[in-house]
Amino acid sequence: MTKAFSGRDSGELTPDRLALDELGADDVRIHPDTLEAQARVAEENHNPQLAANLRRAAELALLSEADVMALYEALRPHRSTAEELATLAATLEETPAPLTAALVREAAAVYERRGLLT
């Protein structure tokens, strides 16, 4: 089953309901369970990279838009120090978003090697 973040089944999300103003913002956000189901399909079809991305997306689906944008900004080259990225990873670990935290730690190591930290 595919469902929105609000919990509504995808079959309930129609243009008519949108036109009648019966849908809210959480009705058009994807639910983490849907992303996990897509990750399993990706794995079954021998695409582990896509599966990993979908699992991180499932974690991010639980964050606010502002937090996701702050994460995006922090991961841009020359925007963060190693300490700032370590703090961000620790925060994500507590969220819990362990897969995304691991990605931030990996990015920090690569940025350090390539001189991309501030």
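Which residue lies over the face of phenylalanine 5? Select phenylalanine 5 and look above the ring: arginine 29 is there, at 3.8 Å from the ring centre. Keep in mind as you click around that this is a predicted model. While you have rings on screen, a search for aromatic pairs comes back with 0 for the structure.

**Stop 1: the largest pocket**

Keep Arg29 selected, since Arg29 is also one of the residues lining the largest pocket. Add Ile30 to the selection, then jump along the chain to Leu60, Ala61, Leu63, Ser64, Glu65 and Val68, and you have the lining. Colour the selection by residue class and you should get 5 nonpolar, 1 polar and 2 charged. Turn on a surface here if you like; the volume comes to about 160 Å³. Rolling a probe the size of a water molecule over the atoms shows where empty space is left.

**Stop 2: the loop between helix 1 and helix 2**

Next, go to aspartate 21, in the loop that runs between helix 1 (15-19) and helix 2 (32-44). Check the backbone torsions: phi is about 60°, a positive value, although aspartate 21 is not a glycine. Most residues other than glycine have a negative phi, and most peptide bonds are trans. Is aspartate 21 buried or exposed? Aspartate 21 is exposed, because its relative accessibility is 66%, and the cut-off for that label is over 50%.

Now step back into helix 1 and pick leucine 18. Leucine 18 counts as exposed too, at 53% relative accessibility. Draw a C-alpha to C-alpha distance from leucine 18 to glutamate 59: the two are 41 residues apart in sequence and 27 Å apart in space.

**Stop 3: helix 2**

Move on to alanine 42, which sits in helix 2. With a relative accessibility of 6%, alanine 42 is buried. Put another distance on screen, this time to alanine 52: C-alpha to C-alpha, the gap is 9.0 Å, with the two positions 10 residues apart in sequence numbering.

**Stop 4: the loop between helix 4 and helix 5**

Two residues are worth selecting here. Start with histidine 78, in the loop between helix 4 and helix 5. Its phi is near 65°, a positive value in a residue other than glycine. As for accessibility, histidine 78 is partly exposed, with a relative accessible area of 45%.

Then select serine 80, which lies in the loop between helix 4 (65-74) and helix 5 (82-94). Which backbone atom does the side chain of serine 80 reach? Show the polar contacts and you'll find the backbone oxygen of alanine 74, at 2.7 Å. Serine 80 counts as buried because its relative accessible area is 6%, and the cut-off for buried is under 20%.

**Stop 5: a cis peptide bond, then helix 6**

Follow the chain past helix 5 to proline 96, in the loop that leads from helix 5 to helix 6 (98-114). Look at the bond joining threonine 95 and proline 96: the peptide is cis, with omega about 0°.

For the last selection, carry on into helix 6 and pick valine 104. Valine 104 is buried, and its relative accessible area is 0%. Finish with a distance from valine 104 to aspartate 33: the C-alpha atoms are separated by 23 Å, and the residues are 71 apart along the chain.

Methods: Residues numbered from 1 in each chain as written. Predicted model: local features only at pLDDT ≥ 70, side-chain atom pairs only at ≥ 80, totals over all residues. Heavy atoms only, no water. 1 Å grid on protein atoms, 1.4 Å probe; cavity = no way out; pocket = protein on both sides within 12 Å on 5 of 7 lines; lining within 4 Å. Points joined across faces, edges and corners; volume = space filled by probe spheres on them. Nonpolar A, V, L, I, M, F, W, Y, C, P; charged D, E, K, R; others polar. Phe/Tyr/Trp six-rings, centres within 6.5 Å; stacked < 30°, edge-to-face > 60°. Lys NZ or Arg CZ within 6 Å of the ring centre and 35° of its normal. Helix = DSSP H or I, 4+ residues; strand = E, 2+ residues; numbered from the N terminus. Buried < 20%, exposed > 50% of the residue type's maximum accessible area, 1.4 Å probe, protein only. Polar contact = N/O pair within 3.5 Å; in protein donor to acceptor, adjacent residues only side chain to side chain.
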